[in-house]
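Subject: The two-chain model I promised you

Hi! Here is the structure I said I would pass on. Have a look at it first, then read on for what turned up.

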Amino acid sequence: MAQYTLRLRRYDPQSRQAPYWEDFDVELDPHRSVLEAILKVKAETDGSVGIRCSCRAAICGSCGVKINGRAGLACHTHLDKAAGSGVRADGRTIMVEPMGNMPVLKDLIVDMDAVHWKKIRRVTPWLIAREPVPEREYVVPHENMVDVTQTMACIQCGACVSDCLSMEVDPLFVGPAASAKAYRFVGDPRDARHKERLDDLAQDPHGIYDCTHCFNCIEACPKGVAPMSQIMRLRRVAGSDHHITDRNNGHRHEQAFNSLIRGYGLLHEAELLPRSYGGDSWFGKFHPAAGAELLDSLPSIVRAVARGKVSPKGALFGHRLGRADLNQVQSIFDKVEGEEQRHELNLYITGYEDEDLVKAASEEERGPHA
Amino acid sequence: MPAHDVLIIGAGLAGQRAALAAAQAGASVAIMSKVHPVRSHSVAAAGGINAALNPGDSWESHAYDTVKGSDYLGDQDAIEIMCRAAPEEILHLEHMGVTFHRSDSGHLGTRAFGGASAARTYYVADITGQAILHVLYEQLMKHHETVDRYEEWFTTTLLQDDEGKCIGCIARDIRSGELEIFNAKSVILASGGAGQVFKPTTNALICTGDGIAQAYRIGAALMDMEMIQYHPTTLAENGFLITEGARGEGAHLYNALGERFMERYAPNKLELASRDVVSRAEQTEINEGRGFPDGTIALDITKVPRKRVLEALREIVNIGRDFAGVDITREPIHIKPGMHYIMGGVKTDIHGQTAIPGLYAAGEVACVSVHGGNRLGANSLLDTLIFGRRSGEHAAGRARGTAMPKAPASLLHDAHSEIGAIVKREPSTGSRRISEIKEELGTTMNRYVAVYRDAEGLATAHEIVRRLKEEAPRATIDDKGTVFNQDVLAAIELDYMLDCAEAIVVAAEERKESRGAQFRTDFPERNDGDWLHHITISRNGTDVPRKGTAPVTITQWEPQERTY
């Protein structure tokens, strides 16, 4: 048994009081969950503490909360781990508050419908079956079904939505959970509308190119769905397989990154903008939208130069790696792009969370050269 | 006042399937649940769903396995209906988008499951229930114009007209605390089981037997309530489920001496005998001192290739790691039998109709009875879907010839007063918290109404349940508000649980033989001469419930000795 201080964010909409913190002392084994501690408080001290919960085993997705500042399931977070994480990390205090990016209804309960489910409904979240519907089952590759099982593993807990930084800036962003849901159909060979779905999400200014790759959703997800990876896959399928050039310039921006790294070995920021608008052509520099955005960015550029973060020469001409290093960078591109099939990481296929498997795989890889 | 042709209470697999079927039959539909539909406990069903769809398999074989699994207490007409309809239902789910596992050829693939003579369990890794539940919810979102969803609404009472017909319900919007009358031509209960009556249990906190008690209170009969399934593989500390899929994939059971003891109890099927048999075997090993010191048995999944475990049993890899600190791909995990499922429920016919006109029941809340004395693994998902669909269709048909009822608004006033009385309860000397009463109920049931039972233990359990029933109305709550007042709901749920508990205990006392999940150490043999019938339980005011019997329907499989 160990002593913990459970610091709960309380809010009663009927009290006309602002939200406040309330401390409860709880004695439990360190491997017990934060949910068990909260339920103990409810059972023994204060039954009015509000939290949604049901299965206790990380399957139903009810008990999404923020624990010491990070979103997760209360039932899936051990007390010792919780008390040792976050800003305080004193081994004793566990701060639990409602998830972010969603309005709070009471205590730890948020309005999932107003944000999370609204976004899910935005992505046409049902199969549009390929015609003709077969008499028996659709015959589809084993790998495809295992692949979409990763997104089927989503339990709609909202943890990724809570910690999404893009959504904090742009509340209209379709967000990690809904994007993963979209991949569940785009990756399903039985769906008839892959291209329409992708076009919709690529053209939407709040769609898949609104993600800034902060990895928060991957860390928050208790089920290994890796929503950001699914967003990246949606982009790859949209751009590379369906050749969708979106009006947000998202795909061209990614291509510009690629071509610059390939050519320089490093990012050349001054080139990134024109290439994102005008492609690799030299004339791209004169793309009107590139000019407009350049003007827009001028103050930042001036500030960066003034503070010595970039030199004018470095900003204008970029750095190029030495020939030997650049060759190595390019050989990575050649190897990856030369594969017949695009590599996609999937939890159910590779078990990449598993260190031993990764080790085994890399040993296998090295084998022939050794 | 909302009014619908068909009102469905509960939004797990049975409820959602009923809603889609009723809507397809042209009815206006409302589906109501005290939790968001995807939080329903169907989400926890791991292993799969049975159907005789493979070439070479037959519905008769599936039905026979089910009858044998039920220890001949299942009604064979209902079992035939379920097993015949199973293949079509699997294909329907597949066409709707369920991501069923494929074989290398791209066709549907199956895994082995307990008590089955063929590998006929279709699955999505070990998240089958979750995958189906979420796909059905996709369909509810698609059909939002014909199915109204009332998510996080708590049903307090079923309503009847003067003739006794069920005409709707009163429900509380959990978000606001507002009460509302829902009028409906047909009402389908699909609110799941009563696992919380036991502690520990694999069941979620929401499984408090609401529907069973609600139907019982307005006069519907309950049936097979003594038949409580203890699942052979649950975690000792918290009761979490380790799917039967583990044994289906090849995991073995060992006692503390390292013996694969199932060789003694079920020499043919071994670990894949039916659940009652395996749980009893484990409990015997534990009771006779061959278990581990913590009262457990070892489940060894390391027999299964690691890659296969990571692909097909990922959820229990996580459960082992997160809740037991064990890497199941490398070492055995300690398990024991734990309360998992109630075969009994509200007695229905093959259309889902209860004894109350206009009231249907489907899924775990109901007792058709397809499971009889013991349910086979992967038959519960099938039960929810087949009888959910049939109830939805029949209820929609019934609604076509019925005028829309209108419950008097005065009923709302009564419901307000009842909830007001709970909120106003004042602590008095000796009054306990709801959580304390719930705890005593759960541990009592798990002690006396478990794998092995006898008259003395059952009498003790009954006495305690009666005492708790008297005490419950005095239990106080802390929350006096209306927004998400979970305290007041817990008080109502406790009353539901106590009604269920008493029905379970009374039925277990009544059945003086051993059949399926009911094993009486004082009557250790099955006795077809005296007990080849169902036991029904009906409410008798506040007195001890009335017991009755119902015949078992036998079509083509006469009772035989049951060995695995």
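Before we get to a pair in a helix, one definition: helices are DSSP runs of H or I with at least four residues, and they are numbered from the N terminus. Please also keep in mind that this is a predicted model.

**A pair inside one helix**

Start with Glu44(A) and Lys40(A), which both sit in helix α1 of chain A, four residues apart, or about one turn of the helix. They form a salt bridge, with 3.3 Å between the closest N and O atoms. Side chains of opposite charge can pair when their charged atoms come close. Glu44(A) counts as exposed because its relative accessibility is 51%, and exposed means over 50%. Lys40(A), at 25%, is partly exposed.

**Chain A as a whole**

Now zoom out. Chain A has 17 helices and seven strands. Its C-alpha atoms fill a box of roughly 70 × 65 × 50 Å along the principal axes. Of its 370 residues, 49% count as buried. The accessible surface of chain A is about 18,200 Å², and carbon and sulfur atoms hold 54% of that. If you take the contacts in chain A with a separation of 6 or more, 64% of them are between residues 24 or more positions apart.

One spot to click on in chain A is His206(A), in the loop between α8 (194-203) and α9 (216-220). Is it buried, exposed or something in between? His206(A) is partly exposed, because its relative accessible area is 24% and the partly exposed class lies between 20% and 50%. Leaving out residues up to four places away in sequence, His206(A) touches Asp170(A), Leu172(A), Phe173(A) and Val174(A). With Asp170(A) there is also a polar contact, side chain to side chain, at 2.6 Å. For a sense of distance, the C-alpha atoms of His206(A) and Phe257(A) are 21 Å apart, with their positions 51 residues apart along the chain.

**Where the two chains meet**

How many residues of each chain are in contact with the other? On chain A there are 75, and on chain B there are 67. The size of an interface is often given as the accessible area lost when the parts come together. Here chain A and chain B bury about 5,800 Å² between them, 51% of it on carbon and sulfur atoms.

Between the two chains there are 44 residue pairs in polar contact, counting those where both residues have pLDDT 80 or more. Several elements of chain A give two or more residues to the side touching chain B, among them α1 (34-44), β6 (104-106) and α17 (355-366). The element that gives the most is α4(A), with six residues. By class, that side of chain A has 39 nonpolar, 15 polar and 21 charged residues. As for α4(A) itself, nine of its 11 residues are buried, including His142(A), Met145(A) and Met152(A).

Eight salt bridges cross the interface. One of the bridges joins Glu152(B) and Arg52(A), with the closest N and O atoms 2.6 Å apart. Another pairs Arg184(A) with Glu138(B) at 3.0 Å, N to O. That pair runs from helix α7 of chain A to helix α4 (residues 128-142) of chain B, and both of its residues are buried.

**Over in chain B**

The whole structure has 74 salt bridges over all chains. In chain B, Arg17(B) and Glu89(B) form one with 2.7 Å between the closest N and O atoms. Arg17(B) is in helix α1 (residues 13-24) and Glu89(B) is in helix α3, so this pair ties together parts 72 residues apart in sequence. Both residues are buried.

Finally, compare some loop residues in chain B:

- Ser70(B) lies between α2 (59-69) and α3 (76-96). It is buried, with a relative accessible area of 0%. Beyond its neighbours within four places in sequence, Ser70(B) is in contact with His371(B), Gly372(B), Gly373(B) and Asn374(B).
- Thr348(B) lies between β15 (345-347) and β16 (359-361). It counts as buried, at 4% relative accessibility.
- Gly325(B) lies between α10 (314-323) and β14 (333-342). It counts as exposed, at 61% relative accessibility.

Have fun turning it around on screen!

Notes
Residues numbered from 1 in each chain as written. Chains lettered and ligands numbered in written order. Heavy atoms only, no water. Contact = heavy atoms within 4.5 Å. Buried area = accessible area lost by both parts, 1.4 Å probe. Salt bridge = Lys/Arg side-chain N within 4 Å of Asp/Glu carboxyl O. Polar contact = N/O pair within 3.5 Å; in protein donor to acceptor, adjacent residues only side chain to side chain. Nonpolar A, V, L, I, M, F, W, Y, C, P; charged D, E, K, R; others polar. Buried < 20%, exposed > 50% of the residue type's maximum accessible area, 1.4 Å probe, protein only. Areas by Shrake-Rupley, 256 points an atom, 1.4 Å probe, with all protein chains shown as cover.
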